[in-house]
Amino acid sequence: MGQKVLVILVGVLFNSADVMKSGKQKRTEIMEKRRARMPVKKSFDIYAMPAPAGAVMADREILRHNNTYSLLPLFYVDHAFNCRDCGCAQIWTGKQQKWWYEIMQGDINSLAVRCRPCRKKEQQRKKLAREIHLSGLAAKYKY
């Protein structure tokens, strides 16, 4: 009998709707009030931007192989760089970039660093080093 009286008294003294809310419910209520006071902002769609003149459009569906948190490119523009080996100024065209990223499926974060002749020299150097390494392994592990 004593417990029933206590419950009735608590219900009379306090508004039972306020007493019975959890912290999560109170936070949700507060956030809803804040959102109602905030002005609605227009969202900015980065993918609705026009491409600059001379840009090559990117196919974002083909670029899905890149596991990246950053935005995929909408287009490729010419990129100027200096060769890492000989230092000559070069331009990596949008067409070359499209081939590298979409056809060859190169990493989207990679950039050109060598001119064509220096790139060919580096490929030959690596090929020769690989052949020497493999011939050394073959000589070491004769069966």
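**Phenylalanine 81, the nonpolar core and the largest pocket**

In the predicted model, phenylalanine 81 is in contact with Cys88, Ala89, Gln90, Ile91, Trp92, Ala112, Val113, Arg114 and Cys115, when residues up to four places away in sequence are left out. Phe81 also belongs to the largest nonpolar core, a set of nine residues. The other members of this core are Ala58, Leu63, Leu72, Tyr76, Trp92, Tyr101, Ile108 and Ala112. Two of them, Trp92 and Ala112, are thus listed both in the core and among the residues touched by Phe81.

The protein chain contains five helices and four strands. Read from the N terminus, these elements follow the order α-α-α-β-β-β-β-α-α. Of the 143 residues in the protein chain, 14% are buried. The chain exposes about 12,500 Å², of which 60% is supplied by carbon and sulfur atoms. Where contacts link residues at least 6 apart in sequence, 44% of them join residues at least 24 apart.

Aromatic side chains were examined next. A pair of aromatic rings is described by the distance of the centres and the angle of the planes. Three aromatic pairs were counted in the model. In one of these, tyrosine 76 and tyrosine 101 are stacked, with 5.7 Å from centre to centre and 25° between the planes. Tyrosine 76 is located in strand 2 (residues 75-76) and tyrosine 101 in helix 4 (residues 94-103); the pair therefore ties together parts that are 25 residues apart in sequence. Both tyrosine 76 and tyrosine 101 are buried. The pair formed by tryptophan 99 and tryptophan 100 is tilted, because the ring centres lie 6.4 Å apart and the planes stand at 40°. Tryptophan 99 is partly exposed, with a relative accessibility of 46%, and tryptophan 100 is likewise partly exposed, at 33%. A single aromatic cluster is formed by Tyr76, Trp92 and Tyr101, and these three residues are also members of the largest nonpolar core.

The largest pocket holds about 620 Å³ of space. Its lining comprises 18 residues, and those nearest the centre of the pocket are Trp92, Trp100, Ala112, Arg114 and Arg119. Strand 4 (89-92), helix 4 and helix 5 (116-140) each contribute at least two residues to this lining, with the largest share, five residues, coming from helix 5. Trp92 and Ala112 accordingly recur in the pocket lining and in the nonpolar core, while Arg114 lines the pocket and is touched by phenylalanine 81.

Conventions
Residues are numbered from 1 along each chain as its sequence is written. This is a predicted model: local features need pLDDT of at least 70, side-chain atom pairs count only at pLDDT 80 or more; totals for chains, interfaces and linings use all residues. Side-chain values use heavy atoms; hydrogens and water are left out. Buried means under 20% relative accessible area, exposed over 50%, partly exposed in between (1.4 Å probe, protein chains only). Contact means heavy atoms within 4.5 Å. Accessible areas come from the Shrake-Rupley method with a 1.4 Å probe; for residues, only the protein chains shown count as cover. A nonpolar core is a set of buried Ala, Val, Leu, Ile, Met, Phe, Trp, Tyr and Cys residues joined through side-chain atoms within 4.5 Å. Rings of Phe, Tyr and Trp (its six-membered ring) pair if their centres lie within 6.5 Å; planes under 30 degrees apart count as stacked, over 60 as edge-to-face and the rest as tilted. On a 1 Å grid over the protein atoms alone, a cavity is a set of points where a 1.4 Å probe fits but cannot get out, and a pocket is an open set with protein on both sides within 12 Å along at least five of seven lines; lining residues have an atom within 4 Å of a point. Grid points are joined across faces, edges and corners, and a volume is the space filled by probe spheres set on the points.
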